Amino acid sequence: IKALKEAIHLQPDNAQAYNNLAYSYEQMGNFAEAIVAYQNVLKYLKGDPAYLETVRKHIQTLRTQNKSN
């Protein structure tokens, strides 16, 4: 996580780093932080509408899981 945050610090529009950070948080069960990172994927990722829709749906799933915790 530290390396991903550093990558984002150096390149704030790095959608791939946000995606990896989101996945890392999700694996740790930190759904709130994963949601924030995935929202940044939506903000910075360009040119892949199908993947963006997948991320949107995944955010909704995480919100549901986050409410149940």
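Let me start with α3 and α4, whose axes in this predicted model come within 10 Å and cross at roughly 160 degrees. Because an angle over 145 degrees counts as roughly antiparallel, that makes α3 roughly antiparallel to α4, and the crossing of these two helices is left-handed. If you would like to find the contact yourselves, look on α3 for residues including F31, I35, Y38 and L42, which belong to the set that meets a group in α4, among them L52, V55, I59 and L62.

Those four names in α4 are worth keeping in mind, since L52, V55, I59 and L62 are buried. Where do the buried residues of α4 fall when we look down its axis? They lie within an arc of 70 degrees, so they line one face of the helix. In general, an α-helix has 3.6 residues a turn, and therefore residues three or four places apart point the same way. The face of α4 turned away from the buried side carries A50, K57, T64 and S68, which are exposed. As for the helix itself, α4 runs over residues 49-68 and reaches 29 Å from its first C-alpha to its last, close to the 28 Å expected.

What do the buried residues of α4 pack against? They pack against α3, and also against α2, which covers residues 15-28. Turning to that second pair, α2 and α3 pack at an angle of about 160 degrees with their axes 8 Å apart, which means that α2 is roughly antiparallel to α3, and their crossing is left-handed. Here Y18, L21 and Y25 are among the α2 residues that meet a group in α3 including A34, A37 and V41.

Conventions:
Residues are numbered from 1 along each chain as its sequence is written. This is a predicted model: local features need pLDDT of at least 70, side-chain atom pairs count only at pLDDT 80 or more; totals for chains, interfaces and linings use all residues. Side-chain values use heavy atoms; hydrogens and water are left out. The expected span of a helix is 1.5 Å times one less than its number of residues. Buried means under 20% relative accessible area, exposed over 50%, partly exposed in between (1.4 Å probe, protein chains only). The arc is that of the directions from the helix axis to the C-beta atoms. Contact means heavy atoms within 4.5 Å. Axes are lines fitted to C-alpha atoms, for helices over the stretch in contact, and angles run from 0 to 180 degrees between N-to-C directions. Angles under 35 degrees count as roughly parallel, over 145 as roughly antiparallel, 65 to 115 as roughly perpendicular and the rest as oblique. A crossing is left-handed if the near helix is turned anticlockwise from the far one by less than a right angle, and right-handed if clockwise.
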